[in-house]
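User: I am new to this structure and would like the reasons behind the labels used for it. Please go through them one at a time.

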Amino acid sequence: MKTGQAEIWLRQEISSIYDSREAANIAALVMEQVTGLSRVDRLSRRDDPLVVQQLHHLTECHHRLLHHEPVQYVLNEAWFYGMKLFVDRNVLIPRPETEELVDWIVSDLKASGKDVFDRQPAEADETTRLKILDVGTGSGCIALALKKAMPKAETWACDFSDDALAVARRNGSELDIRVDFVGLDFLDEAQRRQLPTVDILVSNPPYIPLGDKEEMQPNVLDFEPHSALFVPDSDVLLFYRALAQFGKHRLHPGGCLYAEIHEGLGPEVVALFENEGYLDIELRTDMQGKHRMVKAVAPA
């Protein structure tokens, strides 16, 4: 099979699952990995035959895609904030709305005039200018993006899953970005005590009620880690309560808590932070116009 034929064949095969544009994008991503050629190079070499090893790789990708497995897991890669990350089924696939959360933090800190964006190597004492903690880091996408943008920030991240932390550490190593990854259960108050006092607390915690399972697509429900997705119907604000309580003791006065939220829980999350004494609470919409992130300032 020739390179050009293979891409057309794969696009047609998965068109029963994805719309035409998404099928074309997925086929292009797969063929780029299978051949090692960019989209432009594949156009000029569309008549090149695939070798046996490439055909095996293509066949495996085809099989997994037809079983609704997300292409990011099939290829073990996902792009986030300009970084290519390794991902597998132990971590959530990074999403655009999480990039918006990171961009909010970066924009706020630029506006504040914090001297943490200098690309020159930071001296040991310079990373004390700003301390960041990412809770439930998964692939490490948030922490790594913030550290890449702000080299002079001391950046920590935690997760209870050893498998997720292995992915995050791999990404940090491959990208040569230094983040201190810590394994602990953030819901356990005793374990939280080992975490530092910080200026920025950020999290994309589990927030989907278990009752919403039936409405979810199989490419999410059957493959992404449920522990990173779901919370009990009886306590959907479980993680936000833990974040608020931790922040009251471990955020410097005037420090900020940023979190991604369920689109239907904005008022409830805002009310929780208000009741915990946080100030200047802001609920923000994503590019789809949905309330998907919140910011709260720690009281003095």
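User: Which residues does L201 touch, not counting residues up to four places away in sequence?

Analyst: This is a predicted model, so what follows describes computed coordinates. In it, L201 touches L133, V135, L243, F246, G247, L251, C256, L257 and Y258. These count as touching because each has heavy atoms within 4.5 Å of L201.

User: What makes the set around L201 a nonpolar core?

Analyst: A nonpolar core is made of buried nonpolar residues joined through side-chain atoms within 4.5 Å. The largest such set has 38 residues, and L201 is among those with the most contacts inside it, along with F186, Y240, L257, V269, F273 and Y278. At least two residues each come from β3, β6 (198-203), β8 (230-231), α11 (238-250), β9 (251-260), α12 (266-275) and β11 (291-297). Helix α11 gives the largest share, six residues. A second, separate core has 33 residues, including L144, A168, F181 and M293. As background, nonpolar side chains tend to be buried together in soluble globular proteins.

User: Why is strand β4 called mostly covered?

Analyst: Buried means under 20% relative accessible area. In β4 (residues 154-159), five of the six residues are buried, hence the label. For the chain, 50% of the 300 residues count as buried.

User: How do you know that β4 pairs with β3 and with β5?

Analyst: Two strands pair if there are at least two bridges between them. Strand β3 (residues 131-135) and β4 have five bridges, in the parallel sense. One of the bridge partners is C158 of β4, which faces V135 in that role. Strand β5 (residues 180-183) and β4 have four bridges, also parallel. There, D159 has G183 as its bridge partner. Both counts satisfy the rule, so both are pairs.

User: Which helices complete the β-α-β units that contain β4?

Analyst: Helix α7 (residues 141-149) forms a right-handed unit with β3 and β4. Helix α8 (residues 162-175) does so with β4 and β5. The term right-handed applies because, with the strands pointing away from the viewer, the path from the first strand over the helix to the second runs clockwise.

User: Why is D103 called partly exposed?

Analyst: D103 has a relative accessible area of 38%. Buried is under 20% and exposed is over 50%, so a value in between is partly exposed. D103 lies in helix α6 (residues 96-112). Its C-alpha atom is separated by 8.8 Å from that of L146, 43 residues apart along the chain.

User: What makes the phi values of H68 and Y81 worth noting?

Analyst: Most residues other than glycine have a negative phi. H68 has a positive phi, near 70 degrees, and lies in the loop between α4 (52-66) and α5 (71-75). Y81 has a positive phi of about 50 degrees, and lies in the loop between β1 (78-80) and β2 (83-85). By the cut-offs used for D103, H68 is partly exposed at 29%, and Y81 is partly exposed at 23%.

User: How do you know that the chain is as compact as a globular protein of its length?

Analyst: The chain has 12 helices and 11 strands. Its radius of gyration is 21 Å, and the globule rule gives 19 Å for 300 residues; the two values are close, so the chain is as compact as a globular protein of that length. Its C-alpha atoms fill a box of roughly 65 × 50 × 35 Å along the principal axes.

Notes:
Residues numbered from 1 in each chain as written. Predicted model: local features only at pLDDT ≥ 70, side-chain atom pairs only at ≥ 80, totals over all residues. Heavy atoms only, no water. Buried < 20%, exposed > 50% of the residue type's maximum accessible area, 1.4 Å probe, protein only. Rg over C-alpha atoms; globule rule 2.2 N^0.38 Å.
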